[in-house]
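Reader: I'd like to work through this model one feature at a time. Could you give me the general idea where there is one, and then the case at hand?

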Amino acid sequence: MTDHQSGLTAIVPAAGIGSRMGASCPKQYLSLAGKCILEHTLERLLSHPAIARVIVPLAPHDAWFETLAVAADPRVLRVQGGSERAYSVLNGLHVAQGEWVLVHDAARPCLTHGDLDRLIATAMACDGAILGSRVRDTMKRSDGAGNILATVDREQLWHALTPQMFPRLALKRALEEGLALGADITDEASAMERAGFTVRMVEGRADNIKVTRPEDLSLAGLFLQQQCARQPARPDSPAEEQA
């Protein structure tokens with residue numbers, strides 16, 4: 001399943017500036033293990049046999065993307081991004097093809113094929129699914145001054161990760177309706193939940209981190225190094241999944 005008609009489409013919104021990194025360029029273009037973060041992210045998706053096309057919504061005046069080697073890949077399509085993530089994803093959906101789409105953060109370069117395999121299999125058996133990691137730390141709820149109000153039961157709590165995979169038309173409608181009503185859409189799953197769909201959680205690997213702060217960059221580099229050391233030729237090999 002590798003042609004544009006039968007394969008899956010992935011949307012990678014990359015129009016953000018990543019202000020928390022305090023860098024001179026958007027965080028997705030920061031150097032990581034010899035390439036920029038976005039290059040690693042796109043290559044992880046494009047190397048999976050089920051994904052035929054990747055749509056990248058970019059800021060209107062993005063001056064970095066066209067300098068990347070992956071930008072010349074015929075499977076990669078650039079579209080204009082929006083002022084918020086939901087608008088960028090919606091712009092990607094306008095040109096996407098096929099029944100299903102995956103949405104993945106530009107700054108998650110450590111995604112493995114094993115996680116993708118599990119996500120795809122689960123999503124196609126229900127209304128859609130997302131990767132997530134179980135909350136392991138004690139959770140506290142505080143007031144505006146930082147005073148603890150309560151300890152929260154973490155038993156059924158998850159950190160939402162990406163990719164998130166849904167039927168293309170259903171996600172498009174959910175985003176359009178949510179945006180029209182001014183809903184707070186924090187991720188694609190929140191739009192689908194609001195529209196009445198049941199979204200399944202798929203437990204993913206803990207090294208599928210999002211580079212948000214400066215210290216995340218070195219951690220992502222370490223994870224990439226470990227993944228390559230386990231199985232350099234095939235990042236989706238069984239050896240990788242045993243770690």
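Reader: Let's start with a single side chain. Which residues does L116 touch, not counting residues up to four places away in sequence?

Author: Keep in mind that this is a predicted model. L116 touches R44, L45, H48, I51, L102, L111 and P163, leaving out residues up to four places away in sequence. L116 itself is found in helix α3, residues 113–123. One of those contacts spans a long stretch of chain: L116 and L45 are 71 residues apart along the chain, yet their C-alpha atoms are separated by 8.7 Å.

Reader: Is L116 buried or exposed?

Author: Buried means under 20% relative accessible area. L116 comes in at 1% relative accessibility, so it counts as buried.

Reader: Let me zoom out, then. How many helices and strands does the protein have?

Author: Seven helices and 11 strands make up its secondary structure. Of the 243 residues in the protein, 49% are buried. Take the contacts with a separation of 6 or more: residues 24 or more positions apart account for 69% of them.

Reader: On to the sheet. What is the order of the seven strands in the open sheet?

Author: The general idea goes like this: strands of a sheet pair through backbone hydrogen bonds, either parallel or antiparallel. Here the order is β5-β4-β1-β6-β10-β7-β11, and the pairing is mixed. At the edges stand β5 (76–80) and β11 (200–203); each has a single partner strand, so one side of each lacks a neighbour in the sheet. From one strand to the next, the twist averages 30°.

Reader: Mixed pairing needs examples. Which way do β1 and β4 run?

Author: They run parallel: four bridges join β1 (residues 8–11) to β4 (residues 51–58). To find your place there, look for L8, which stands opposite I51 in β4.

Helix α1 (residues 37–46) packs on the sheet and touches β1, β4 and β5, with its direction at about 155° to that of β4. Helix α4 (residues 168–180) packs on the sheet as well, touching β6 (100–103) and β10, and its direction makes about 115° with that of β10.

Reader: And for the antiparallel sense, what does β6 pair with?

Author: β6 pairs with β10, over four bridges. V101 has F166 in β10 as its bridge partner. β10 is also joined to β7, by five bridges, and that pair runs antiparallel.

Reader: How many residues of β10 are buried?

Author: Seven of its 10 residues are, so β10 is largely enclosed by the rest of the structure.

Reader: Back to one residue, R134. Which strand does R134 lie in?

Author: R134 lies in β7, and its bridge partner in β10 is W158. Beyond residues up to four places away in sequence, R134 touches E155, L157, W158, H159 and E203. R134 has a relative accessibility of 38%, so it counts as partly exposed.

Reader: What about helices? Which residues of α2 are buried?

Author: Again, the general idea to begin with: an α-helix has 3.6 residues a turn, so residues three or four places apart point the same way. In α2 (residues 85–95), the buried residues are A86, S88, V89, L90, G92 and L93. Their cover includes β1, β4, β5, β6, α4 and α5 (188–194).

Reader: There's a hairpin too. How many residues lie between β8 and β9?

Author: Five, and G146 in the turn has a positive phi of about 90°. The two strands, β8 (residues 139–142) and β9 (residues 148–152), run antiparallel and are joined by four bridges. S142 has I148 in β9 as its bridge partner.

Reader: Last one, the largest pocket. Which residues lie nearest its centre?

Author: R108, S133, H159, A160 and L161 do, out of 26 residues in the lining. Two or more lining residues come from each of β7 (129–134), β10 (158–167) and α6 (214–230). β10 gives the most, with five residues. The pocket holds about 600 Å³ of space. By class, its lining has eight nonpolar, six polar and 12 charged residues.

Conventions
Residues numbered from 1 in each chain as written. Predicted model: local features only at pLDDT ≥ 70, side-chain atom pairs only at ≥ 80, totals over all residues. Heavy atoms only, no water. 1 Å grid on protein atoms, 1.4 Å probe; cavity = no way out; pocket = protein on both sides within 12 Å on 5 of 7 lines; lining within 4 Å. Points joined across faces, edges and corners; volume = space filled by probe spheres on them. Nonpolar A, V, L, I, M, F, W, Y, C, P; charged D, E, K, R; others polar. Pairing = 2+ DSSP bridges. Axes fitted to C-alpha atoms, helices over the stretch in contact; angles between N-to-C directions. Contact = heavy atoms within 4.5 Å. Buried < 20%, exposed > 50% of the residue type's maximum accessible area, 1.4 Å probe, protein only.
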